[in-house]
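Welcome, and please open the structure in your viewer. We will go from stop to stop, selecting a few residues each time and looking at what is there.

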Amino acid sequence: MKLYCLSGHPTLPCNVLKFKSTTIMLDCGLDTTSVLNFLPLPLVHSPRLSKLPGWISKDGTVNLEKELKECAGRVFVDSQPEFCLPERELLDLSTIDVILISNYHCMMALPYITEHTGFTGTVYATEPTLQIGRLLMEELVNFMERVPKSQSATCWKNKEIQRLLPCPLKDAVEVWTWKRSYSMQEVNSALSKVQLVGYSQKVELFGAVQISPLSSGYSLGSSNWIIQSHHEKVSYVSGSSLLTTHPQPMDQSSLKNSDVLILTGLTQMPTANPDGMLGEFCNNLAMTIRAGGNVLVPCYSSGVIYDLLECLYQFIDSANLGTTPFYFISPVANSSLEFSQIFAEWLCHNKQSKVYLPEPPFPHAELIQTNKLKHYPSIHGDFSSEFRQPCVVFTGHPSLRFGDVVHFMELWGKSSINTIIFTEPDFSYLDALAPYQPLAMKCVYCPIDTRLNFHQVAKLLKEVQPLHVVCPEQYTQPPPSQSHRSDLMLELQPPPVPYRRCSVLNLPFRRRYERVYILPELANSLVPSEIKPGISVATVSAVLHSKDNKHTLQSVPKPPPVPPSKKRKRVMEEPPVVQAPKPLLSGAVPLEAFLATLQKHGITEVKVEETVDGHILHLQADDTLIQLEEDGTHIVCDNNEPLRTTLRDLVLRFLQKL
């Protein structure tokens, strides 16, 4: 069993598992942190960005004024943002049979893999994962296509030039493989390969293994996966949560008895308590509005935003924010809010029960009805005529490199009464803000990440007790910024098997058994004989038939009858004689008892030599050897057939015939 690791980002995984002649890709996350190296894409012409000076090396040897721009001491690429893809050279991706998706954040690289590698397999995901994943891809494509950049920067990617660039461009990984966003046509083609599955549904893959998704408790429709054969079980745990939020709670019991547990997608904020962050979010929002300022919340169009709106719903009246407008701006805002209300079966029990009242499971429906929350596809059109301040705006993208958020940064960044509140943990907020410096608006960092922390993982692993744990190497050591915190890492016995981008691991367990079926008529002909009390054994002569990874023992076919010949033959041809199979021998030859038996038969000069596998008996008078080993007995005897026969019969006395 092998594991190929195609992504170095622990919360945006992409691994390939080779297990029992099947090749299974586990997630295909897209590392979007690469976009932080690019300048933002403004919706309207930005004089500030266009006046940024170009970059020239200090000694003047490298001049990339057209490609690289300097802003507040940092250097950015002036080109369409590009993404760091999963590794595509480590193995032939056209050989992948299936792709298993654990949540909608971990499928953003799907079009790059299904459309450009010769992939012909099937993708498995739950319905909310597919539908919300589609929305996030559609939003990304929309953000990129509505502000196209004419020039494309490539010179800075030259290895010789990249070495001379300032950090972080100098240390960027595999920049030659970075790619621009896919098109909507590629998205639709990729998603047409998705087959929907429900929790605990069992799907057979070529008769070799069975896959099954389990609720992971992190987002709508998010799944962990069980991959098992008759005798082996692999669990894939990615992006899971034990907190009580809107999705169905995590299914832990089904993870028990795993031979290998592949663990990824833990919290990116192990020291931040999500409840505390929500409280801080509400307080900072209220303080800014009371001071007459605006609040900008860069966010994804699904996920944490549902919890933020629910929290605000309870907070608005107590904080006297009833008249403050809340705007949610995204090309897919309407679809996202509606989808969250219709996926009732994927919600926690509390929210499910509201559907039967009937009542919308999420309170943002009421916020929309009472006009407290308004949603728009973009800042153009209706929004510009209805927009009033002070207000709260939820919009994307959290990287601050594209989307409507860029416009609000340019609009509100120069005033210190406005506040930007970061809630998504995927991007460093200092790196996100770098191309907007100097910035006057207040910045608040309230990362809300409900995924498992190290304490919760330790407790989970203690309960499910897998034989081996495989995880990204980042989890086997404390974070670089807090190297003294040994509680922020996985400490297990046996130690976890770590992986990094481009690792190929031989997973630490071997397949030992295979299930074989026996046909009833063959089973009926078996005659068991008891070898120990309660244990019987029967010999089988059969033909092994293997098809679709199913193995069956069938009766040996009888030879066809010889057709009578027209010409008369003097001698009738005899049918071939089928010899009876020789009896099988079992048991062990006890040394002391065997020596005593030899003595009784007049063989006294026996020299015994101990070996690694048993004993060698040297019959010196007759120049004969007897090797007694655990799995066989050999008699080496030259030109003395009567003695060999006698010794054989003496050995057989101690063995049982089947």
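Helices and strands on this tour are DSSP runs, of at least four residues for a helix and at least two for a strand, numbered from the N terminus. One thing to keep in mind throughout is that this is a predicted model.

**Stop 1: an annotated stretch**

Start by selecting residues 305–433. An unreviewed UniProt entry lists this range as "domain: Beta-Casp". How much of it is helix, and how much is strand? Within residues 305–433 the chain is 40% helix and 12% strand. Now mark the C-alpha atoms at the two ends of the range, which lie 21 Å apart.

**Stop 2: helix H8 and its cover**

Next, select helix H8, residues 333–342. Which of its residues are buried? They are Ala-333, Ser-336, Leu-337, Phe-339, Ser-340 and Gln-341. As a reminder while you look along the helix, an α-helix has 3.6 residues a turn, so residues three or four places apart point the same way. Now show what lies over the buried residues of H8: the cover includes H3, helix H7 (304–315) and strand S16 (326–329). Helix H10 (364–369) and strand S17 (373–376) are also among the covering elements.

**Stop 3: Asn-371**

From there, go to the loop between H10 and S17, where you will find Asn-371. Its phi is positive, about 65°, although Asn-371 is not a glycine. In general, most residues other than glycine have a negative phi. Is Asn-371 buried or exposed? Asn-371 counts as exposed because its relative accessibility is 53%, and the cut-off for exposed is over 50%.

**Stop 4: Ser-200**

Another positive phi, of about 70°, is at Ser-200, which is not a glycine either. Select the loop between strand S9 (194–196) and strand S10 (203–205) to find Ser-200. With a relative accessibility of 42%, Ser-200 counts as partly exposed.

**Stop 5: Thr-126**

Move on to Thr-126, in the loop between strand S8 (122–125) and helix H3 (127–145). This residue is buried, at 0% relative accessibility. What does the side chain of Thr-126 reach at 2.7 Å? It reaches the backbone oxygen of Gly-221. The side chain of Thr-126 also makes a polar contact with the side chain of Thr-129, at 2.9 Å. To see more of the surroundings, leave aside the neighbours within four places in sequence: Thr-126 is then in contact with Leu-196, Val-197, Tyr-199, Gly-221, Ser-223 and Trp-346.

**Stop 6: two cis peptide bonds**

Select Gly-396 and His-397, which are joined by a cis peptide bond with omega of about 10°. His-397 sits in the loop between strand S18 (392–395) and helix H12 (405–412). Then step to the bond from Gln-437 to Pro-438, which is also cis, with omega near -5°. Pro-438 belongs to the loop between helix H13 (429–433) and strand S20 (442–445). For context, most peptide bonds are trans.

**Stop 7: an open sheet**

Now select the three strands that form an open sheet in the order S4-S5-S6, with antiparallel pairing. Which strands are at the edges? They are strand S4 (54–56) and strand S6 (74–77), each of which pairs on one side only. Ignoring direction, neighbouring strands of this sheet are turned by 60° against each other on average. Look at S4 and strand S5 (residues 63–71), which are joined by three bridges. Ile-56 stands opposite Asn-63 in S5.

**Stop 8: a hairpin**

Strand S32 (residues 624–629) and strand S33 (residues 632–637) run antiparallel and are joined by six bridges. How many residues lie between S32 and S33 in their hairpin? There are two. For a pair to highlight, choose Leu-628, which stands opposite Thr-633 in S33.

**Last stop: two cysteines**

Finally, select Cys-5 and Cys-502. Why do their sulfurs not form a bond? The sulfur of Cys-5 is 9.0 Å from that of Cys-502, its closest cysteine sulfur, which is too far for a bond. A disulfide here requires sulfur atoms within 2.5 Å, and the count for this model is zero disulfides. Cys-5 is buried, with a relative accessible area of 0%, whereas Cys-502 is partly exposed at 32%.

How values were computed. Residues numbered from 1 in each chain as written. Predicted model: local features only at pLDDT ≥ 70, side-chain atom pairs only at ≥ 80, totals over all residues. Heavy atoms only, no water. UniProt positions renumbered as here; feature names shortened; annotations may be inferred. Buried < 20%, exposed > 50% of the residue type's maximum accessible area, 1.4 Å probe, protein only. Polar contact = N/O pair within 3.5 Å; in protein donor to acceptor, adjacent residues only side chain to side chain. Contact = heavy atoms within 4.5 Å. Pairing = 2+ DSSP bridges. Axes fitted to C-alpha atoms, helices over the stretch in contact; angles between N-to-C directions.
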